[in-house]
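Here are some notes to read alongside the model, written for someone meeting it for the first time. They take the two ligands in turn.

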Amino acid sequence: MSSITLALSKGRIFEETLPLLAAAGIVPTDNPESSRKLIIGTNRPDVRLVIVRATDTPTYVQYGAADLGIAGKDVLIEHGGAGLYQPLDLNIARCRLCVAVQKGFDYEAAIRPGGRIRVATKYINAAKAHFAGKGMHVDLIKLYGSMELAPLVGLADAIVDLVSTGGTLRANNLEEVEDIMPISSRLIVNQASLKLKRELIQPMLDAFAGAVKP
Ligand SMILES: Nc1ncnc2c1ncn2[C@@H]1O[C@H](COP(=O)(O)OP(=O)(O)OP(=O)(O)O)[C@@H](O)[C@H]1O
Ligand SMILES: O=P(O)(O)OC[C@H]1O[C@H](OP(=O)(O)OP(=O)(O)O)[C@H](O)[C@@H]1O
């Protein structure tokens, strides 16, 4: 019997995916927040979930280790999207990608022609494209998390990071100076899986599409 594997990260993506799964008649048998299991069954014998790091989701789907996955646009931009279909914006895990600096830092002066700033980020591709689009040279420093710390300790002048409520920026005396793009999570599908398992994948895709909130 043919079966499908869906890659999800725990936390906000898992939580916000539950109603979409329910709309497709799929209910997980464990909660990854409380279980240490990485492979989780569902009420459907032909559907299982694999729990991965958010950044790794496109890789599992690209290589067919998972047929489907749900990943943020931020993660997809950094991955590049090779081997993936991205048929549906699920409008979940919504936030935005921004440039932020320490309060009082004169960003406008720093980015004048001839200026050069140091930018710390986990999102190297997105940051490169943003500053190249403005014709600016920046020195990018790759970080894997807690970008907000970098300007506070002199590692960078600015950060490119995700912002939702703005609470993390406020708590660290930072302010947003540029909005780069809105971010939400997409359904991603392995290109070969879509062809070979269309009879299983298409109904799920349709159910998800019907349950997406505007
Ligand atoms: N504060 C936020 N509000 C809403 N959505 C967010 C927020 N922060 C991140 N996201 C979105 O949710 C996705 C998953 O975020 P999550 O925090 O689970 O993983 P991560 O810690 O960014 O990644 P990794 O675990 O691989 O380092 C992100 O890729 C982004 O698209
Ligand atoms: O504007 P806010 O509502 O404060 O949200 C922004 C924060 O959310 C994300 O972190 P997250 O909570 O995912 O922590 P993590 O990066 O350590 O997983 C992001 O990296 C910001 O730090």
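1. In this predicted model, the residues of the shell around ligand 2 fall into three classes, with two nonpolar, five polar and three charged. The residues that surround ligand 2 are R12, E148, D161, L162, V163, S164, T165, G166, G167 and T168, and it is worth finding each of them in the structure before reading on.

2. Which elements supply at least two residues each to the shell around ligand 2? They are β8, which covers 158–163, and α7, which covers 167–171. Of the elements, β8 gives the most to this shell, and its share is three residues.

3. Several polar atoms of the protein can be followed to oxygen atoms of ligand 2. From the side chain of R12, a polar atom lies 2.9 Å from an oxygen atom of ligand 2, while S164 places a backbone N or O atom 2.8 Å from an oxygen atom of ligand 2. For D161, an N or O atom in the side chain is 3.5 Å from an oxygen atom of ligand 2. Ligand 2 exposes 490 Å² when taken alone, and the protein buries 57% of that area.

4. Where does ligand 2 sit? Its place is in the largest pocket, and the space taken by ligand 1 is likewise described as the largest pocket.

5. Turning to ligand 1, there are 16 residues around it, and the ones that come nearest are R12, R53, T55, D74 and K122. Sorted by class, the shell around ligand 1 contains seven nonpolar, three polar and six charged residues.

6. The polar contacts of ligand 1 deserve a careful look, beginning with R12, whose side chain has a polar atom 2.9 Å from an oxygen atom of ligand 1. In the side chain of D74, an N or O atom is 2.7 Å from an oxygen atom of ligand 1, whereas A93 uses a polar backbone atom, which is 3.3 Å from a nitrogen atom of ligand 1. On its own, ligand 1 has 620 Å² of accessible area, of which the protein covers 78%.

7. Two or more residues of the shell around ligand 1 come from each of α1 (12–23), α3 (73–79) and β5 (84–102). Among the elements, β5 gives the most to this shell, with three residues.

8. From which domains does the shell around ligand 1 draw at least three residues each? They are domain 1, made of 2–92 + 183–209, and domain 2, which spans 94–180.

9. As a last point, please look again at R12, which has a polar side-chain atom 2.9 Å from an oxygen atom of ligand 1 and also a polar side-chain atom 2.9 Å from an oxygen atom of ligand 2.

Definitions and conventions:
Residues numbered from 1 in each chain as written. Chains lettered and ligands numbered in written order. Predicted model: local features only at pLDDT ≥ 70, side-chain atom pairs only at ≥ 80, totals over all residues. Heavy atoms only, no water. Near = heavy atom within 4 Å. Polar contact = N/O pair within 3.5 Å; in protein donor to acceptor, adjacent residues only side chain to side chain. Areas by Shrake-Rupley, 256 points an atom, 1.4 Å probe, with all protein chains shown as cover. 1 Å grid on protein atoms, 1.4 Å probe; cavity = no way out; pocket = protein on both sides within 12 Å on 5 of 7 lines; lining within 4 Å. Sits in = over half its atoms within 2 Å of the grid points. Helix = DSSP H or I, 4+ residues; strand = E, 2+ residues; numbered from the N terminus. Nonpolar A, V, L, I, M, F, W, Y, C, P; charged D, E, K, R; others polar. Domains from an automatic or database assignment.
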